[in-house]
Amino acid sequence: RPGTASASQRYMEQHMLKDRLTHALMNLLREQPEDPMGYLCSLLRDGQRTNGCEDSSRNVSGAQDESKVATTVKPSEGRSAQVVAEQAHDSVHMLPPCVSLGAPTRILDFGSGETGFNTYNMDAKGHNLTFTGQKRKAPFFASFVEPRQVDAFCQALIEEFDLTADSSSKEVAIYAGATGLHRDLMNDSESAAKAKSFLGEAERHLSVQLGGKSTKIWLFVPSGLLEAQLELYATEWLVGRSNLLDLDSDWSDANAGVSMTESLIHDAFDQLDKSGNGTLSNEDLDQLTSSRSPHDTNRIIKDAVGEMIQTGGNISFEQFHERLKRSPSLQKAVQSLIFSGTISAGGGSSQLAMMGRHQGSTSQVFSVPVGNRVPTVEGLFSKPVLASERDMWAARIRFELRQASFPQGVRGLYVGISAVYHAAKAAGIADRVIDKTAACEALEAILQDADPEDQRTIANLTLAHELLQWVFDDSAGFVFRRNWKTEDGEFVSTWTLGLYTQQHAAQKVERRSPKLPHRRIWQQAVSRVVAPSTLQTTRQMSEDGTKVEALFEVPFVAWPLRDAHLLDLGSGEVGVYTYAADMNQKRVVALRDKKIQEPFFEGFVAKGRVEDFAQMLIENFSLDAGSSHRREIIAGGATGLHREMLLSDKKKRDDMFSFVAKTEAEIARSIGRDACIQLFVPSGELEAQFELGAVQWLIGVPNMDITSSVLPSWMVNRAWDVLMAAGHNVGKSQNAVQMEAARARLNALGVSQDEVDAVLRRADVDGSGTLEYREFAAAVCKEPFFEALVRRCAFCGTISAGGGSSQLTLTGCVRNSMPQLYSMPIGNRVPIVQRLFSTPVTWEQRSDWVERIRQGLRAAQFPQGVSGFFVGISAMFHAAKAAGITDRLLSKREAVSAFAAALAKLDASDVRTVANLTLVKEIVSWVFHDETACLLFKRNWSSNGTTYVAGWTLGWYATQFEGDDQIRERSACSIQRVERGRQARRGLRAAKTAPIKLSLA
């Protein structure tokens, strides 16, 4: 009977009976105990008592607040600090810290059909990288795990990594990344358990064979998007160390590659010629700030060009070109300057990765779910492949690119890698500079001659051709390359190289010397703290034709001496935000958070309401007040529907640029000073990363309004492990950490020096000068700074959802490392848009919606069993608000139970809330571990009277503010030093010119 079925369904959801029984049965089948019924009863009883966070009635001895910290086990009592960290972050989806400066890093690449063995080691100065790499046609699962060939696997590790020759280290660490088909396998919990078990056994065998050395094999799964970002970083590193450009050829030659080289060199010269007068001067060089490149591109250019200017004055393009021919280091620096990104493809997806060109720039990755295996998997091709099928495949690619709002009209120098490289190699255009027209013609010609029986080649050639045609402007240049020759040797642009060089660079940033070059030190220092006067207005970008490139350039906004005015051009409203830097506390201050409740295009652009929009910006940003700035700068990002308009609709893009240019002029007329509005388009992936950055910054702010009735023991132990690592307590007591290490960690959270000293004095009860574990656990109970430290150390990422998609973003284990992003094209508006629901929603429709969500999670390879502390934002927060569980720490069980209870009570005619609550409940159930996951659903964050919203604009500002911290501090010191020197010189001149008075005794 329907009524009985509905009641039963509600009862099962409210008490999570299905989840608990499924979990118990899975454990039973895995363990296979002798007494299955007794084992099941025990599991169900434990599940009833456990809520994922330990019972708060027990507490660490000496704690002052028994509601704060659950029972904890010290790392010294039965397990090491490393084990604590591993248990807290047992997910294979967390990117491990792979690089130890001065020691070799060994990385396994578990590819689809082979296993790669890669060893990287950078010299102490960070200049020369040694690399050895071998591949074996032995897939990890098929060749080792399934047949349980542990000895063969260990022998392969010993031979390929030459482990017997390494007698200097007392431990061996190997990092294993699963890509391709192995990425799919690792997303299956049973396969992942098999792999972990196999590697655990391999660790023990390897330790015995190496004479008892401690051995650890870290298994992790880089997402497809992270793999593309790492390949981009590897390619950028190689571009700055290889010779790409043909500088010795006669440019009057009609060869397309030579003319493309000429165009690229002109582009580099134009980028350096800030004044636009056709020559390079010291004033142009002064506006070059520290480069985002790993090779410090701008410093090399400054040194080389500055030397020419000193000897012969301003230099022309011809002189610049001649110097390029004679200076390999300048040529490589110029290559890095004009390098714009990578274009790649695989079996199931294709990616465009774009570098930012300017200071503080962030790379962007755009992905489309169409790869060269799609025609084979979906049966789109017959044998032989018909001409009509080729045309249908090309149309399918264009359709997917349009659906994904893939960029168009992109200019610059791009490197084709992976399947795009193989297509270019087949067309005979690899390993040289070539323009778009020549590349597309070559691909088209080889496609016409392709064997109709070769489905894979036809699919790949068509895909590469359509990608180039869709994405790039005719002026774009390409280099399709796989093997790179550098002074250090030969490299392949792989994700493993990107992982090593990115993490090595991140560690170098933290240890970098504060010394700045002395030449023109004043201008270099000022450029880090004062917004440059040369920022292009929207009108200027429209006039010189650079508006398409500007759309993908993330503007730098974290100037410490001025407020940052930011816009979020969302689908239905315009967000208005102002942030400022508190340099004393090293914190971001939110000064303004308002909404203009009208869509930007339909409400203003389409109606030509320039004066209205300009006046709203003046009022909301308080621009009419007196200001010491000669120019007002506003930066804005287009998201949602406006992102699609700017990327896919040329007419609307032109209309928006024209509207913004007129708005600039109207603001300038009204306030009596110049105005500059910078628009850009953050990809969906970058938006999620910025949201992660916002939460990551907020989670570590002391005195934040977070209710935490209990802190799980693994969170406290994780924070203690981080403190131990900071103190470098190798061979020392595992029960205490040096106070200097604790002081450094609290300073990193933005706590002032006076507060740090006071907090540590109170925590160090016995006055020993070290912080013992018992003292630390007690301090967590009563000191908000230590509680913030625990949250920050345990924080692992964000979970979010919107109308059309849902995302899981995971932090890296290393500061400044790249996050992992998982996204699926299913959001809470899908049942409404696709008319899956009636009003009221029936239980059958709810069940269909649940199955649709699970299919999406499975297809998007969302991970399962993820541990750690996560924050739910956007639609996740609204679902939690409907369930009454916001602003406090929860276990997964508590969250899922609350969502189920809210759904059971919800009015079935509330279609949107039914869709959202169901979506959030299923995602949380799918992704997180039952015992070692902790959740916080929060939107508004308050600390010391300041309220923040964890939106992507805050992440944009906070990420740049924290990332530029060290350079900004050194620049401020340089400004102070130069100013003191000026004052001293003025004093000496005054003393010399003052009349001398003599007194006669």
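## Legends to close-up views of a predicted model

**Figure 1. Strand 21 (residues 795-801) is buried along its length, with seven of its seven residues buried, so it is largely enclosed by the rest of the structure.** Buried denotes under 20% relative accessible area, exposed over 50%, and partly exposed the range in between, computed with a 1.4 Å probe on protein chains only. The model is predicted, so that local features need pLDDT of at least 70 and side-chain atom pairs count only at pLDDT 80 or more, while totals for chains, interfaces and linings use all residues. Residues are numbered from 1 along each chain as its sequence is written, and side-chain values use heavy atoms, with hydrogens and water left out. Helices (DSSP H or I, at least four residues) and strands (E, at least two) are DSSP runs numbered from the N terminus. Strand 21 runs parallel to strand 24 (residues 866-874), to which six bridges join it; Ser800 has Ile873 of strand 24 as its bridge partner. Strand 22 (residues 806-810) runs antiparallel to strand 21 and is joined to it by five bridges. In this pairing, Ile799 stands opposite Leu808, and Thr798 opposite Thr809. Four residues lie between strand 21 and strand 22, which form a hairpin.

**Figure 2. Strand 21 belongs to an open sheet of six strands in the order 23-22-21-24-26-25.** Two strands are taken to pair if DSSP finds at least two bridges between them, and the pairing in this sheet is mixed. Strand 23 (820-824) and strand 25 (889-891) occupy the edges; each has a single partner strand, so one side of each is left without a neighbour in the sheet. From one strand to the next, the twist averages 25°. Helix 28 (residues 684-699) lies across strand 21, strand 22, strand 23, strand 24 and strand 26 (928-937), and runs at about 130° to strand 21. Axes are lines fitted to C-alpha atoms, for helices over the stretch in contact, and angles run from 0 to 180 degrees between N-to-C directions. Contact means heavy atoms within 4.5 Å.

**Figure 3. A second open sheet of six strands follows the order 8-7-6-9-11-10, with mixed pairing.** Its edges are strand 8 (364-368) and strand 10 (433-435), each with a single partner strand, so one side of each is left without a neighbour in the sheet. Neighbouring strands are turned against each other by 25° on average, direction ignored. Strand 6 (residues 339-345) and strand 9 (residues 413-416) run parallel and are joined by four bridges, with Thr342 and Val415 as bridge partners. Helix 14 (residues 328-338) packs on this sheet and touches strand 6 and strand 9; the direction of helix 14 makes about 65° with that of strand 6.

**Figure 4. Helix 36 (residues 875-883) packs against helix 37 (residues 892-905) at an angle of about 70°, with their axes 8 Å apart.** The two helices are therefore roughly perpendicular to each other. Angles under 35 degrees count as roughly parallel, over 145 as roughly antiparallel, 65 to 115 as roughly perpendicular, and the rest as oblique. Helix 36 passes helix 37 in a left-handed crossing; a crossing is left-handed if the near helix is turned anticlockwise from the far one by less than a right angle, and right-handed if clockwise. Helix 36 contributes Ala879, Ala880, Ala882 and Ala883 to the contact, and helix 37 contributes Ala898, Phe899 and Ala902. By class, the contact has seven nonpolar, no polar and no charged residues. Ala, Val, Leu, Ile, Met, Phe, Trp, Tyr, Cys and Pro count as nonpolar, Asp, Glu, Lys and Arg as charged, and the others, Gly among them, as polar.

**Figure 5. Helix 35 (residues 843-859) and helix 38 (residues 911-927) cross at roughly 45°, their axes coming within 10 Å.** Helix 35 and helix 38 are therefore oblique to each other, and their crossing is right-handed. Arg846, Trp849, Val850, Ile853, Arg854, Leu857 and Arg858 of helix 35 meet Val914, Ala915, Thr918, Leu919, Glu922, Ile923 and Trp926 of helix 38. The residues of this contact divide into nine nonpolar, one polar and four charged.

**Figure 6. Lys302 is located in helix 12 (residues 297-312).** Lys302 counts as buried, with 9% relative accessibility. Between Lys302 and Leu272 the C-alpha to C-alpha distance is 10.0 Å, at 30 residues apart in sequence. As context, 55% of the 1001 residues of the protein count as buried, and the protein contains 40 helices and 28 strands.
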